[in-house]
Amino acid sequence: MRFEGSFHGVRPEDRLECGICWWVYDPGQGDEVRGIPPGTPFADLPDDWCCPGCDAPRHKFMLIKD
């Protein structure tokens with residue numbers, strides 16, 4: 001089961017999904033909208049980073065289990 005904010009212990013290569021709009025943060029791609037370069041792990045995103053799809057805060061993201 002996944003819960004919002006379940007990103008503790010996330011590996012640098014893990015992808016996370018917004019629990020509001022389902023936008024996926026992929027560290028391999030970064031976030032062009034917010035100026036985050038490819039290769040940036042979720043844990044290294046700025047504290048004020050939010051979802052480019054809906055502006056949800058970081059705690060609304062859930063780890064995607066592949």
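# Exercises on a predicted model

Arg34 has a relative accessible area of 33% and is therefore partly exposed, where buried means under 20% relative accessible area, exposed over 50% and partly exposed in between (1.4 Å probe, protein chains only). The model is predicted, so that local features need pLDDT of at least 70 and side-chain atom pairs count only at pLDDT 80 or more, while totals for chains, interfaces and linings use all residues. Residues are numbered from 1 along each chain as its sequence is written, and side-chain values use heavy atoms, with hydrogens and water left out.

## Exercise 1: Salt bridges

Determine how many salt bridges the model contains and which residues form a network.

Step 1. The criterion is a side-chain nitrogen of Lys or Arg within 4 Å of a carboxyl oxygen of Asp or Glu. Under this rule, three salt bridges are found.

Step 2. Arg34 pairs with Asp55, with the closest N and O atoms 2.5 Å apart. This pair links distant parts of the chain: both residues lie in the loop between strand 2 and strand 3, 21 residues apart. Strands here are DSSP runs (E, at least two residues), and helices (H or I, at least four), numbered from the N terminus. Asp55 is exposed because its relative accessible area is 51%.

Step 3. Arg11 meets Asp14 at 2.7 Å, N to O, and Glu13 at 3.5 Å between the closest N and O atoms. Through shared partners, Arg11, Glu13 and Asp14 form one network. Asp14 is buried, since its relative accessibility is 9%.

## Exercise 2: Cysteines

Establish how many disulfides the structure holds.

Step 1. A disulfide requires a pair of cysteine sulfur atoms within 2.5 Å. The structure holds zero disulfides.

Step 2. For Cys18, the nearest cysteine sulfur belongs to Cys54, at 3.7 Å. Cys18 counts as buried because its relative accessibility is 0%.

Step 3. For Cys50, the nearest cysteine sulfur is that of Cys51, 7.5 Å away. With 18% relative accessibility, Cys50 also counts as buried.

## Exercise 3: The nonpolar core

State which residues make up the largest nonpolar core, and which residues Cys51 touches.

Step 1. A nonpolar core is a set of buried Ala, Val, Leu, Ile, Met, Phe, Trp, Tyr and Cys residues joined through side-chain atoms within 4.5 Å. The largest comprises ten residues: Leu16, Cys18, Tyr25, Ile36, Phe42, Leu45, Trp49, Cys51, Ala56 and Phe61.

Step 2. Contact means heavy atoms within 4.5 Å. Setting aside residues up to four places away in sequence, Cys51 touches Cys18, Cys21, Trp23, Arg34, Ala56 and Phe61.

## Exercise 4: The sheet and its loops

Find the order of the strands in the sheet, then locate Ile20 and Asp47.

Step 1. Two strands pair if DSSP finds at least two bridges between them. Three strands form an open antiparallel sheet in the order 2-1-3. Strand 2 and strand 3 are the edge strands, each pairing on one side only.

Step 2. Strand 1 (residues 16-18) is joined to strand 2 by two bridges. The bridge partner of Glu17 in strand 2 is Val24.

Step 3. Ile20 lies in the loop between strand 1 and strand 2 and contacts Cys54, Ala56 and Lys60, neighbours within four places in sequence being left aside. The C-alpha atoms of Ile20 and Cys54 are 7.4 Å apart, although 34 residues separate them along the chain. Ile20 counts as partly exposed because its relative accessibility is 48%.

Step 4. Asp47 is in the loop between strand 2 (24-25) and strand 3 (61-63). Its relative accessible area is 77%, so Asp47 is exposed.
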